[in-house]
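Welcome! Here is a short, friendly tour of how some helices pack together. Take a look at the sequence and structure first.

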Amino acid sequence: MTPTKEATDRVQLVFTLFDADGNGYLESADFALMSDRVVAAVPSAGDAVKERLAASFRRYGDTLLTELDANGDGRISPEEFASVVLNPQRFDAAVDEFAEALAAMGDPEGDGLVARPEFVALMIAIGFERRNIGALFDAFGPDEADRIGVATWADGIRDYYRPEKSGIAGDHLTAGVSG
Ligand SMILES: [Ca+2]
Ligand SMILES: [Ca+2]
């Protein structure tokens, strides 16, 4: 199956953002940096929720290094990362846990809803652009109190990684982003 153009754009953007130290490769250090930044974005979240998210970042990084480091140099090049869209089943479990943990961070009250300020804070911490973050939140159909469901967001994250999908809410994140 050939990934959609949109799926390839989404994955390329993830590589750029997850290369937190900007050296052109994904390494364990990048996931530690990213994890610290994102966990700090919602100070009011509980310790268990924060630890879950930190663990999901470690697992995500470990999975990438296990599955994609074709030349065995301990880091993921852009070329190695591109194959993530060819074998999505290898990443389903890690993406699933990451999706659930990130969405839970946006719900510090535990009512099953994510308000816009927490959503924006977490997505800014990952590195997405503010304009695109706002468009994504709107696409998720917020209620009158400007909140979306935790499950809606988690599903949106899973969709983001699906190679066959285009025209999804997550495509707002790549709109107008170069690279
Ligand atoms: Ca790096
Ligand atoms: Ca490598």
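Is the crossing of α5 and α8 left-handed or right-handed? In this predicted model, α5 and α8 cross in the right-handed sense. Helix α5 also packs against α3 and contributes to the largest nonpolar core, so let us follow this helix through the notes below.

**α5 with α8**
- The axes of α5 (residues 92–105) and α8 (residues 150–160) come within 8 Å, crossing at roughly 145 degrees.
- On the α5 side the contact includes Val-95, Ala-99 and Leu-102, and on the α8 side it includes Trp-153, Ala-154 and Ile-157.
- This contact has 9 nonpolar residues, 3 charged ones and no polar ones.

**α5 with α3**
- Here the axes lie 9 Å apart and the packing angle is about 155 degrees.
- Because an angle over 145 counts as roughly antiparallel, α3 is roughly antiparallel to α5.
- The crossing of α3 and α5 is left-handed.
- Among the residues making the contact are Leu-53, Ser-56 and Tyr-60 of α3, together with Phe-98, Ala-101 and Met-105 of α5.
- By class, this contact holds 9 nonpolar, 2 polar and 3 charged residues.

**The largest nonpolar core**
- This core has 47 residues, and Leu-102, Ala-103 and Met-105 touch the most other members.
- With 9 residues, α5 gives the most to the core.
- Elements that each supply at least two residues include α1 (5–18), α2 (28–39) and β1 (113–115).
- Leaving aside neighbours within four places in sequence, Leu-102 is in contact with Leu-53, Leu-122 and Ile-157.

How values were computed. Residues numbered from 1 in each chain as written. Chains lettered and ligands numbered in written order. Predicted model: local features only at pLDDT ≥ 70, side-chain atom pairs only at ≥ 80, totals over all residues. Axes fitted to C-alpha atoms, helices over the stretch in contact; angles between N-to-C directions. Helix = DSSP H or I, 4+ residues; strand = E, 2+ residues; numbered from the N terminus. Left-handed = near helix turned anticlockwise from the far one by under 90°. Contact = placed C-beta atoms within 7 Å. Nonpolar A, V, L, I, M, F, W, Y, C, P; charged D, E, K, R; others polar. Core = buried A, V, L, I, M, F, W, Y, C linked by C-beta atoms within 7 Å. Buried ≥ 20, exposed ≤ 12 C-beta atoms within 10 Å, placed from the backbone. Parallel < 35°, antiparallel > 145°, perpendicular 65-115°, else oblique.
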